[in-house]
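Work through the exercises below with the model open. Each task is followed by a stepwise solution.

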Amino acid sequence: MKKNISSEQACLESQLRIARHKTKSPRDILDFALAEVISLTSSKAGLVCFYNGASRKFNPKNIVSTADTVFSVDEGQAWSRPDAARLWAKTVRQARPVVLTEAEIPASLKKAAHENGIRLKSFLSVPLFSGGDIAAVAGFAGKARPYTKKDIQNSSVLMNLAWQSAQKIRLEKNRISTGLLLDELKETLSVGFFWKSPDLKYQDCNQYFATLAGIQSPEEIAGKTDADLAWKEAAKTLRSIDEDILKTGRAKLNHVHKFQNAYGATLWLNIHNVPIKDSMGNIIAIAGTINEITHQKQDEIRNMRLAAIIDSTDDAVVGMNPDGVITDWNRAAEKIYGYTPDEAIGMSVANLSPPGFEAKISDIISTLRNGRQPAGYETKRKRKNGEIFDVAITAAPIFYPDGSFAGISGISRDITEKNRQIKELELYREFLENIEDGCFELDLKGSVTYTNPAAALMFGYDPDHAIGVHYSQSTPAAEAEKLFVIFNHIYKTGQRNFIEEMEILRQDGIIQYFDLMVSPIVDKSDRVSGFRCTIRNVTQRKQERQELERYRDFVLNAEDACFEFDFYGKVLFCNEPTYRMLGYTREEYMKLRHRQRYSSKEEADKAAAIIRKVYETGEPSGLYESRLLRKDGSVVTIEMNVNMIRDRQGRPIGWRGTGRDVSDRKKRQAELERYRDFMENIYDGCFEVDLAGRITYTNETGSRRLGLTKEEFTGMDNLQYARSEEAKRIARIFREIYDSGRPAFIDHYELLHKDGHTVFFEMSAALIRDEKGDPAGFRGTTRDITERKINQERLRASEAKYRFLTEKISDIVWTTDINLVFNYISPSVRFALGYKPEELTGRDPGSLMTPESFARARRLLEDELDKTKRGRPDIVRFVEFETAYHHKNGDTLWFGNIVSFIRDDKGEIAGIHGVSRNITERKQAVAEKEKLILELQAALSEVKTLSGLLPICSHCKKIRDDKGYWNQLESYLLEHSSALLSHGICPECAEKHYPDILKPKKPK
């Protein structure tokens, strides 16, 4: 309360100071009042802008501040720019003090003030009146806090007090005589001017007024009243106004009157009546101005009509200031956007824009600021409840009379439903224009009234030329008759009909097949007025169905397995070979689990890995082999190829593949591989030549024997490296093979090695025949016998020597195979055992040996074989043993044998080599010796025990024992004594019994 009293006291004190202020100019009193208000409201700056109501322009005259350096003359120019008009326009429009927020203050003014230390958070604008009209506006800025109602009241009182004082000073200072004033006004005013005496009769006027009043010149106006002029219908009203002025002494401004001129046109006049007083305050005249405002009034009427239209229209009409702040809002805007006028006015138009569309509003404002053309566009807007909808906006700029940008008017229309309908219609049109199915319409006569491009193309027509074509022109006669029946049925029943795979004859003569759906077209009277048809080309479908039938037959009757599985191993489809090749029935195979189909876990895992790779890459597996388990437990090799199965969305749902039993092929392939390996790695050369003698194939051995590579040898003449005579001989042999068709063997022929030395070959060759059985070339094998030829020559040189030695020695030289069968025996066997060599070759020694000797020989062989198996053979060991043989004449002879074992490249025993020598006499001599020793030992033992004479035979030297038996001397001595006996032969006995040994041998 205390604060309010202090504020009121301060205001009264300021009023006294303004009233007592001594000044000689209106500006001085205004400056003084501005300083008082600045101090009273805690503002930083204030100014006065004069307002011309006719031109609606402002003119800043006074700028003061609490600090002299805040504004200079240059800064004052900023307050006269078009942007500054926004500060005063609202005050003039509302004819009351107004406080503008920071958002409503132009950015240019805020920038100018900020550079001088003033922040324009708010701006207080106070109207100053003269004769009831606003003649100027006072403005204040720079207060740290918002302006209060008390600030508005105090500033309004003080500034209007100062304004009245200024007006009084101006009138007193510029008082002139009425005549001079009239003359000056008449020449300077651009409106109608008049002068009335207190008896309300016109004294003078200018030409503009005379023209409006319906008189020729100003000279005719003197003494006339309003009843004598063109607006006599309003004379009574005008007189009452003048009388009121005379009575009250107050001016009557802006009173408007309507009348019709002499031509019948309705005119509107705006009249200002002002009392003219003398120095004593007595009214000495009434002066005034008159201005035709017919166009303005018409504009007002039009504006009122427009306002009514705007308020009743379904389109939202929104007014905005230059910064996009809403200033006007009609009922349709409230309905469309959901905001009431109180909520919308003062809100930024950006609040109506959904996220992401704010920049569009800024662009539109910028465009309209720089031009006068209205902008129409479609965009998105947001309702109060957050709903986004489509809107068509027409935006136009609003300019002040001075051309400065005042704001924007926008008309918005909710086009959500229209867009939906347009999109729907566009969708239908685009659908019909772009679908592959044909759509057309026929009238009741059967002529085309509409067709989409697809239908015209199906029938072979250009869309423009298809209109009017009769359906019978595009159908064979039988189909046309069938169509007529169908159309007639549809016409009578109103029910649509479907025709499957109808035959159509295109304009170019090609026959195709179509599915046709026919529906009736019904007019407003529910009568059938035509037919609407949709047509689909099913020629390819029919062909594909036929082709699919072939595929089905192929898959079901193919020898290869065809199958489909899901990723859990469940069978989705399989043909008969799939389960037949595994020995199952269809039902049994369908129940098998993934693992049960494979021969081992490793094979199942291998298949799972391949399927997983197909799933990850999406690429086919390519051919791979899988070993599957048949029902009977046998294993079959299947060559498979699998790929992914996808649904319509492209997602993998399983895998499919084909399989072929390649078990036999694998065996054949392995066999062929063995053949190939055999051919490429055997010692012999293999070749093929064409009928011209060019090498078409050779293995490595065949080319290497001549020092050539396969590439060098292939394509070469096969006899290029043969000498002339040799080449002719070989050519004759090949000719004989060609003529006879029988293979041939060439035991030897000579070729030249690449380095020049001779290589010897033997060759077998046969004829090659083509598919027709005609000769196509030769194939054969060659063997390098160069080393054999050299060895043969060496053998020939030494054969005689060895044969001589073998045939002349008395020992038997022999060899056997692993089964103890003789494969060689020297000729000396004939003298040793009485057999020829050929009689014993191929026989085993068992027929010659005694059983004990043959058993001993076999045990010896078995022992050596056992040592070989245990890895401890002595490959250089010789074995000596004695055996008894049967001579051909039946005698038993003893032989000493020295044998060694014949081994192959791997060290395995392949046979026996032996030398046998006759030791029969030695065996007999040893036996006789042993016997004699025994006899002597017996005799010696008896000699020790006997006494007296021993009876001895004088002829054979036998001794008779005490029992009367005759015994050999040796036996008796060995039995009867401990003497050791040895045998010898005396010369006489030797000569007698072995004459051949003692005789010298004659040289042969």
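**Exercise 1.** Characterise the salt bridge between Arg694 and Asp690 and the strands around it.

Step 1. Arg694 forms a salt bridge with Asp690, with 3.2 Å between the closest N and O atoms; the criterion is a side-chain nitrogen of Lys or Arg within 4 Å of a carboxyl oxygen of Asp or Glu. The model is predicted: local features need pLDDT of at least 70, side-chain atom pairs count only at pLDDT 80 or more, and totals for chains, interfaces and linings use all residues. Residues are numbered from 1 along each chain as its sequence is written, and side-chain values use heavy atoms, leaving out hydrogens and water.

Step 2. Asp690 is buried at 17% relative accessible area, while Arg694 is partly exposed at 45% (buried is under 20%, exposed over 50%, partly exposed in between, with a 1.4 Å probe and protein chains only).

Step 3. Strand 26 (residues 685-690) pairs with strand 27 (residues 695-698) in the antiparallel sense over 3 bridges. Strands here are DSSP runs of E with at least two residues, helices are runs of H or I with at least four, and both are numbered from the N terminus; pairing requires at least two DSSP bridges between two strands. Val689 has Ile695 in strand 27 as its bridge partner.

Step 4. The two strands, 26 and 27, form a hairpin with 4 residues between them, and Gly693 in the turn has a positive phi of about 90°.

**Exercise 2.** Which parts of the chain does the salt bridge of Arg536 and Asp437 link?

Step 1. The side chains of Arg536 and Asp437 meet at 2.5 Å, N to O.

Step 2. Arg536 lies in strand 20 (residues 528-537), and Asp437 in the loop between helix 14 (416-434) and strand 16 (438-443); these distant parts of the chain place the pair 99 residues apart.

Step 3. Arg536 is partly exposed at 45%, and Asp437 is partly exposed at 22%.

**Exercise 3.** Is Thr539 buried or exposed, and what does its side chain reach?

Step 1. Thr539 is found in helix 18 (residues 539-557).

Step 2. Its relative accessibility is 10%, so Thr539 counts as buried.

Step 3. The side chain of Thr539 reaches the backbone nitrogen of Tyr513 at 2.7 Å, and a polar contact of 2.8 Å joins it to the side chain of Asn537 (a polar contact is a pair of N or O atoms within 3.5 Å; within protein, one must be able to donate a hydrogen and the other to accept it, and residues adjacent in sequence count only if both atoms are side-chain atoms).
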